[in-house]
Amino acid sequence: MNVIPTGAALGAEIAGIDLSQDVSDADRAFIVDAYTDNQVLLFRGQSLSFDDLLRLREVFGPPGKTANQLLGLGRKEYYPDQVPTEITIISNIKEDDGTPRGSLGDGEAYWHTDSSFTKVPISASLLHAIEVPDSGGETAFLNMYQAYDDMPDDLAVRIEGKTINHAKTHTSDGVKRPEYENVTDPTQAPGIHHPSVRTHPVSGRKCLYLGRRINASIVDLSLDESEALLDDIWAHTCQDKYVWEHCWAVGDLLVWDNRCTMHHRNAFPPNSRRLMHKSITAGEPLIPA
Ligand SMILES: [Fe+2]
């Protein structure tokens, strides 16, 4: 295997392994080291079944639950029976009867980290491309270590020791989950509190942990103070110099570490087809910085 860094702020391609076969202990150690160092890994040209995706996630951590399971909302009722419980389908495709094949449609998915609205958020996400549009639908990743390390002193002082409420109310494409009421005051949104800066349990490095912007709030600040600080920290964080964007090809598998990255998806033409299969690993309780 070779590690080929993207040359951007994070991410590397791992070449020279067929992940449909069992991963040896030595290969596993190699991959995990590259994952820790690069935060996002790309494996091209893979052909992976649902079972392969569920087996491979255990290279990166213990089995994890989908967002819907973590929220106690159960399995998506439109999933066909053959989709295992812990697989998520991300797709804009509609069946002949109008039933969606998966979630998230064709719109933009805003910067976020997966499932931060739970007490023990997930760690790795594994996303495998089955069908991709000719253009659009790219996924970008953001290095939250760098965003932390680079903070101007005044911003670092303001965010130090703060706790963020991670709202459960919306999916990453900005759509309100029907199970939650509309919220007009974000400080009242149902959510889970996490430290704004966390320590990665493997690398030992500190990074920002922001979740998603919509209905977020900083605990114990007024709404105005909270919005002002969140606007400043998000403006600092979402800079191109911390980003690597991936243009998908069929067969790509991307694995990212939600503990130290955020990701974003570009919109794509509604009349094109995009189908991705996803598995996840469980995380661990957060270590505050
Ligand atoms: Fe996501």
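Visitor: How much space lies in the largest pocket?
Guide: Keep in mind that this is a predicted model. In it, the lining of the largest pocket is made up of 45 residues, and K76, S103, L104, T171 and R177 are the closest to the centre. The space inside comes to about 940 Å³.

Visitor: Which elements give two or more residues to that lining of the largest pocket?
Guide: By class, you'll find 16 nonpolar, 16 polar and 13 charged residues in the lining. One helix segment and several strands turn up as contributors of two or more residues: α3 (67–70), β4 (88–91), β5 (103–104), β6 (109–112), β16 (261–265) and β17 (275–280).

Visitor: What volume does the second largest pocket have?
Guide: Its lining has 13 residues, with E160, G161, S196, V197 and A289 nearest the centre. Sorted by class, they split into seven nonpolar, three polar and three charged. As for the volume, that is about 180 Å³.

Visitor: Is M262 buried or exposed?
Guide: M262 sits in strand β16. Setting aside neighbours within four places in sequence, M262 is in contact with a string of residues, including W111, F141, L142, M144 and W234. Its relative accessibility is 1%, and the cut-off for burial is under 20%, so M262 counts as buried.

Visitor: How far apart in space are M262 and D52?
Guide: Along the sequence, 210 residues separate M262 and D52. Going C-alpha to C-alpha, the distance in space is 25 Å.

Visitor: Which strands stand at the edges of the open sheet β10-β9-β13?
Guide: The three strands come in that order, with antiparallel pairing. Strand β9 (residues 163–167) is joined to β10 by five bridges, and T163 stands opposite P195 in β10. An edge strand has a single partner, so one of its sides has no neighbour in the sheet; that goes for β10 (191–195) and β13 (217–218).

Visitor: How many disulfides does the structure hold?
Guide: Take C238 to begin with: the nearest cysteine sulfur, from C207, is 14 Å away. For C260 the nearest is again that of C207, at 5.7 Å. A disulfide needs the two sulfurs within 2.5 Å, so neither C238 nor C260 is in one. For the whole structure, the count is zero.

Visitor: Which of the two, C238 or C260, is buried?
Guide: C238 has 30% relative accessibility, so it counts as partly exposed. The relative accessible area of the other cysteine is 1%, and under 20% means buried. The buried one is therefore C260.

Methods. Residues numbered from 1 in each chain as written. Predicted model: local features only at pLDDT ≥ 70, side-chain atom pairs only at ≥ 80, totals over all residues. Heavy atoms only, no water. 1 Å grid on protein atoms, 1.4 Å probe; cavity = no way out; pocket = protein on both sides within 12 Å on 5 of 7 lines; lining within 4 Å. Points joined across faces, edges and corners; volume = space filled by probe spheres on them. Helix = DSSP H or I, 4+ residues; strand = E, 2+ residues; numbered from the N terminus. Nonpolar A, V, L, I, M, F, W, Y, C, P; charged D, E, K, R; others polar. Buried < 20%, exposed > 50% of the residue type's maximum accessible area, 1.4 Å probe, protein only. Contact = heavy atoms within 4.5 Å. Pairing = 2+ DSSP bridges.
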